[in-house]
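I opened the file to look up the sheet, one helix pair and the nonpolar cores. My entries follow in the order I made them.

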Amino acid sequence: MSWFRKKNQRIESVPAEERRVKTEGLFEKCPDCDAALYKAELESSQQVCPHCGHHFRLGARQRLALLYDEGKYEELDAEVVSTDPLDFVDTKPYRERLEQARRKTGLPEAVINARGRMGGHPVLTAAMDFQFLGGSMGCAVGEKITRLVERAVEERAGVVIVSQSGGARMQEGTFSLMQMAKISAALALLAEARLPYVSVMTDPTTGGVTASFAMLGDLNIAEPKALIGFAGPRVIEQTIRQKLPENFQTAEFLLEHGMLDAVVDRREMRDWIVRALNFLYNPEGRLKPFKAELSSGNGLGLPAEQPDGDTAAAAATAAPRAERSEANRPTD
């Protein structure tokens, strides 16, 4: 006689979706201070560690929702997406990489254009997303940012560009490098129109993005400890054969050496930009270039001078005399 008997011969299996710890996925570890952060708490602090201030990377749409009034904005130019102009293939075709990135991120491209208001000011914003092929700048990214800047000139709106990129997209070769000049030329038109441009650099901002529009703002600001540079530190050390300073290419290092205007905590970023726009933005501003009026007949190309009383009287007397001399001149 056995002491124990099974009521059921088989043990019921646990469904696959229930084979997990109840707290799994609820916490995230901070890479700086190793603190276990409750995800809900992390979201409430805008993805900033409440213990050490480490800034986690933020997606493009999350960024736009944080910047605009009431988190409301209109997405623009979503139809502009990358193609494969070079039929590029490395370990896999470039077209497959693009499709995989779109499925993974839910984004059409590495930058999102938006229209809305910040502190009541009309502002057009381009926010880059590192999850889409490292936020690399291809033809579509260059076209979208250029369209955004040109639209700002037409609508008399300010521009904010949030950079988060590894640089130009190698799969598009020279086409991607041309976007540096293309966007910079559009920003020159924005400057002529006397409209504000605030450049926000986040971790990381490198390569051709840093070498072009990211550093062309009326105000260049960055998040704390963001990596900002052109070439990587390992490449620089191998080139100059010297050890680089501590914290080289961080936002704080660049601020100390005069390449940034401010390092701003993400939780204060929106208020900071609104205060800057209050100072910079003038919707009635118009470009009126100075044109010197040249006096006719002096042959020197100098601006005309206002004659004093005696000179004016002499000029008035001389004019009829010159006319009489022409009339009395003998003809052939």
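**Sheet**

I began with one residue pair: Asn-113 stands opposite Ala-126 in strand 5. I note here that the model is a predicted one. Next I looked up the pairing of strand 4, residues 111-118, with strand 5, residues 121-128. These two strands pair in the antiparallel sense, over eight bridges.

I then traced the whole sheet. It is open, has seven strands in the order 3-4-5-6-7-8-9, and its pairing is mixed. Strand 3 (74-76) and strand 9 (262-263) are at the edges; each has a single partner strand, so one side of each has no neighbour in the sheet.

**Helix pair**

I looked up helix 4 (residues 139-155) against helix 5 (residues 173-192). Their axes come within 9 Å and cross at roughly 5 degrees. Angles under 35 degrees count as roughly parallel, so I entered helix 4 as roughly parallel to helix 5. Helix 4 contributes residues including Ile-145, Thr-146 and Val-149 to the contact, and helix 5 contributes residues including Phe-175, Ile-183 and Leu-187. I sorted the residues of this contact into eleven nonpolar, three polar and two charged.

**Cores**

Which members of the largest nonpolar core touch the most other members? I found Met-118, Ile-145, Phe-213 and Ile-273, in a core of 60 residues. I followed Ile-273 further: leaving out residues up to four places away in sequence, Ile-273 touches Leu-67, Met-118, Val-160, Val-200 and Ile-221. A second core, separate and of six residues, has Cys-30, Ala-35, Leu-37 and Leu-42 among them.

Methods: Residues are numbered from 1 along each chain as its sequence is written. This is a predicted model: local features need pLDDT of at least 70, side-chain atom pairs count only at pLDDT 80 or more; totals for chains, interfaces and linings use all residues. Side-chain values use heavy atoms; hydrogens and water are left out. A nonpolar core is a set of buried Ala, Val, Leu, Ile, Met, Phe, Trp, Tyr and Cys residues joined through side-chain atoms within 4.5 Å. Buried means under 20% relative accessible area, exposed over 50%, partly exposed in between (1.4 Å probe, protein chains only). Contact means heavy atoms within 4.5 Å. Two strands pair if DSSP finds at least two bridges between them. Helices (H or I, at least four residues) and strands (E, at least two) are DSSP runs, numbered from the N terminus. Axes are lines fitted to C-alpha atoms, for helices over the stretch in contact, and angles run from 0 to 180 degrees between N-to-C directions. Angles under 35 degrees count as roughly parallel, over 145 as roughly antiparallel, 65 to 115 as roughly perpendicular and the rest as oblique. Ala, Val, Leu, Ile, Met, Phe, Trp, Tyr, Cys and Pro count as nonpolar, Asp, Glu, Lys and Arg as charged, and the others, Gly among them, as polar.
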